[in-house]
Amino acid sequence: MSEESVEVENPPSTKPGKIGTEKLKILENIEVALSIEVGRTEMTIRDLLLLNEGSVIELDRLAGEPLDILVNGAIIAKGEVVMVGERYGVRFTDIVDPEERAESI
């Protein structure tokens, strides 16, 4: 009997996280919708139709509570309102774990 030599090709060596970084580079230029949610409420259509200038709607959130920061409707972080010159801005105060973010987006 003769022995045959079989070459086994080893996969290219990659450092942990390198594959994830390469995949992220492909996604970097995709635009997403980022929105900030102050709070929510439910109302009837009748109440909605009665709204006019000066109407006040009570939201489900307390004053000073963190705002929800959403990307394409999925919460990715919590934040607080800040002033940036003459404009409003949001400072991120708590970011959702990256794995949870990836699953929800």
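**Exercise 1. How do strand 1 and strand 2 pair, and over how many bridges?**

Solution. Keep in mind that this is a predicted model.

Step 1. Take strand 1, residues 34–37, and set it beside strand 2. The two run in the antiparallel sense, and their pairing covers four bridges.

Step 2. Pick one bridge to fix the register: L34 has V71 as its partner in strand 2.

**Exercise 2. Work out which strands make up the sheet, in what order, and which ones sit at the edges.**

Solution.

Step 1. Start with the list of elements. The chain has three helices and four strands, and from the N terminus they run α-β-α-β-β-β-α.

Step 2. Move on from strand 2 to strand 3, residues 74–84. These two also pair in the antiparallel sense, over five bridges. For the register, L70 is bridged to I75 in strand 3, while L67 stands opposite G79.

Step 3. Look at the hairpin that joins strand 2 to strand 3. There are two residues between the strands, and N72 takes a positive phi near 50° there.

Step 4. Put it together: the result is an open sheet of four strands, ordered 1-2-3-4, with antiparallel pairing. Strand 1 and strand 4 (87–95) are the edge strands, as each pairs on one side only. On average, neighbouring strands of this sheet are turned by 40° against each other, direction ignored.

**Exercise 3. Decide whether strand 2 is enclosed, and check its two faces separately.**

Solution.

Step 1. Use the cut-off: a residue is buried if its relative accessible area is under 20%.

Step 2. Go through residues 67–71. Five of the five are buried, so strand 2 is largely enclosed by the rest of the structure.

Step 3. Split the strand by face. L67, I69 and V71 point to one side, D68 and L70 to the other, and all of them are buried, leaving both faces covered.

Step 4. Set that against the whole chain, where buried residues make up 13% of the 105 residues. The chain exposes about 10,000 Å², with carbon and sulfur atoms supplying 53% of that area.

**Exercise 4. Go through the salt bridges and say how accessible the partners are.**

Solution.

Step 1. Get the total: the structure holds four salt bridges.

Step 2. Try R40 and E37. Their closest N and O atoms are 2.9 Å apart. R40 is exposed, at 52% relative accessible area, whereas E37 is buried at 17%.

Step 3. Next come R61 and D68, whose side chains meet in a salt bridge of 2.9 Å, N to O. Here R61 and D68 are both buried. Add K78 and you get a network, since R61, D68 and K78 are linked by salt bridges.

Step 4. Finish with R91 and E80, which meet at 2.8 Å, N to O. R91 belongs to strand 4 and E80 to strand 3, so this pair ties together parts that are 11 residues apart in sequence. R91 counts as partly exposed at 46% relative accessibility, and E80 is partly exposed too, at 37%.

**Exercise 5. Which residues does E37 touch once its neighbours within four places in sequence are left aside?**

Solution.

Step 1. Locate E37: it lies in strand 1.

Step 2. With those neighbours set aside, E37 is in contact with R61, L67, D68 and L70.

Step 3. Tie this back to the earlier exercises. L67, D68 and L70 are among the buried residues of strand 2, and R61 shares a salt bridge with D68.

**Exercise 6. Is G89 buried or exposed, and which residues surround it?**

Solution.

Step 1. Place G89 in strand 4.

Step 2. Check its accessibility. G89 has a relative accessible area of 16% and is buried.

Step 3. List its contacts, again leaving aside neighbours within four places in sequence: E80, V81, V82 and V84.

Step 4. Now check a separation across the sequence. G89 and I36 are 53 residues apart along the chain, and 9.9 Å apart in space, C-alpha to C-alpha.

Step 5. For the chain-wide picture, take the contacts with a separation of 6 or more: residues 24 or more positions apart account for 31% of them.

Key:
Residues numbered from 1 in each chain as written. Predicted model: local features only at pLDDT ≥ 70, side-chain atom pairs only at ≥ 80, totals over all residues. Heavy atoms only, no water. Buried < 20%, exposed > 50% of the residue type's maximum accessible area, 1.4 Å probe, protein only. Pairing = 2+ DSSP bridges. Axes fitted to C-alpha atoms, helices over the stretch in contact; angles between N-to-C directions. Contact = heavy atoms within 4.5 Å. Areas by Shrake-Rupley, 256 points an atom, 1.4 Å probe, with all protein chains shown as cover.
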